[in-house]
Amino acid sequence: NKIQKLADEYLDCFTGERVTSGCVAWDEDKHAIEGIEERVYISGYMIFDGCPGCDWRNDYHDPVDAKLEKFQDEDLHKQLFDMYVSITPKQILDEVVYFEIATDGYGGLSAAEVGRSGDDFAMQYYLAVDPLDMAPGGGSIDEQFHKPTMIHENAHILSLGSSQSDNDDPYSSTGIDDLYEEPYTELRKIVEEKAAACAPNYYDDASGCMKDNSYMNKFFQEFWVDIYPSFKWFYEFDDYDKFEDHNVLFYKKYKTQFVTEYAATNPSEDFAESFMVFVLKEKPIKSTITDQKILFFYDFPEFVEIRDFIRSNL
């Protein structure tokens, strides 16, 4: 009961459905920093596993404006990473080889992300965190926001890892530097070809064609096949704002099928948001589609084990 009460508070604070006593309220006037027009890279760290005394090494500190200097604090970065480690089981941590601190502004498009690291660790992951979102105003870490976000990002690692797909993503196969820049012309062409070859399995541009028995493909076949024809990816538009306009309409049409509005962004985000709710909420007893998505994870003993680990370390 004590763990569930804490988990409920984390989820409530994260979604903003109810403002409980522990929540850090959204305050743009207090926490936003003017002049951040594009993503700013602040610091990066190499993460070593199984190497006593060398499990944390600074790779770079980029020059930053004075207004961001308080966010280029190695103590803050270590606290953010340690909090992530505290709720992340070893099988996921083993996949993470790089930790990056970057910002697109308070409340920007990305509070955190994971992606394939590339180079010598092509099949492993980097974790990027925005310190303006996680430590608003440069103060203490907003634990109720940081931890649910990290649970979400770990779901991507679980569902899009190298064992889950053919690992034939567009960037790795082409090496085109501006592939993900508007108007996405080349990306759209490449993904359409790869997705058509992958069908009826789910294709994700971060990982490739998902295997028949992969977590993500099973989730897609159960919950997205019927609604996927109404969905569009961001690269199907010549700018991201047009995608967001379309996605608002898509969410309104299928609102009752998603645990959060962000879950409607694409099937992979739906998986990650549903996993986060699976970890933080009690097992549902209803039969709505959102409840079925949460119950989906209970069919995998390894997910239940991960859930228990995270909840015991909240």
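1. Let's start with K194, which is buried in this predicted model, with a relative accessible area of 17%. The cut-off for buried is under 20%, so K194 falls on that side of the line. What does K194 pair with? Its partner in a salt bridge is D168, and the closest N and O atoms are 2.8 Å apart. This pair ties together distant parts of the chain: K194 belongs to helix α8 (residues 185–198), while D168 is in the loop between α6 (143–160) and α7 (170–174), 26 residues apart. D168 itself is partly exposed, at a relative accessible area of 29%.

2. Now for the salt bridges as a group. The count comes to 8 salt bridges, among them the K194 and D168 pair just described. Two others are worth a look, one between R39 and E113 and one between D82 and K78.

3. Take R39 and E113. Their closest N and O atoms are 3.3 Å apart. Where do R39 and E113 sit along the chain? R39 is in the loop between α2 (28–31) and β1 (40–46), E113 is in strand β4, and the two are 74 residues apart, so to speak linking distant parts of the chain. As for exposure, R39 is partly exposed with a relative accessible area of 30%, and E113 is also partly exposed, with 23%.

4. The D82 and K78 pair stays within one element. Both residues lie in helix α3 (residues 74–86), 4 residues apart, which is about one turn of the helix. Their side chains meet in a salt bridge at 3.0 Å, N to O. D82 counts as partly exposed at 37% relative accessibility, and K78 gets that label too, at 28%.

5. How many cavities of 30 Å³ or more does the structure hold? There is 1. The largest cavity has a volume of about 40 Å³. Its lining is made up of R39, A102, T103, D104, S110, A111, A112, E113, A128, V129 and D130. Three elements give two or more residues to that lining: β3 (96–103), β4 (112–118) and β5 (121–129).

6. What is the lining made of, by class? The largest cavity has 5 nonpolar, 2 polar and 4 charged residues around it. Here point 3 comes back in: R39 and E113 are both among the lining residues, and they are the two that form a salt bridge with each other at 3.3 Å.

Notes: Residues are numbered from 1 along each chain as its sequence is written. This is a predicted model: local features need pLDDT of at least 70, side-chain atom pairs count only at pLDDT 80 or more; totals for chains, interfaces and linings use all residues. Side-chain values use heavy atoms; hydrogens and water are left out. On a 1 Å grid over the protein atoms alone, a cavity is a set of points where a 1.4 Å probe fits but cannot get out, and a pocket is an open set with protein on both sides within 12 Å along at least five of seven lines; lining residues have an atom within 4 Å of a point. Grid points are joined across faces, edges and corners, and a volume is the space filled by probe spheres set on the points. Ala, Val, Leu, Ile, Met, Phe, Trp, Tyr, Cys and Pro count as nonpolar, Asp, Glu, Lys and Arg as charged, and the others, Gly among them, as polar. A salt bridge is a side-chain nitrogen of Lys or Arg within 4 Å of a carboxyl oxygen of Asp or Glu. Buried means under 20% relative accessible area, exposed over 50%, partly exposed in between (1.4 Å probe, protein chains only).
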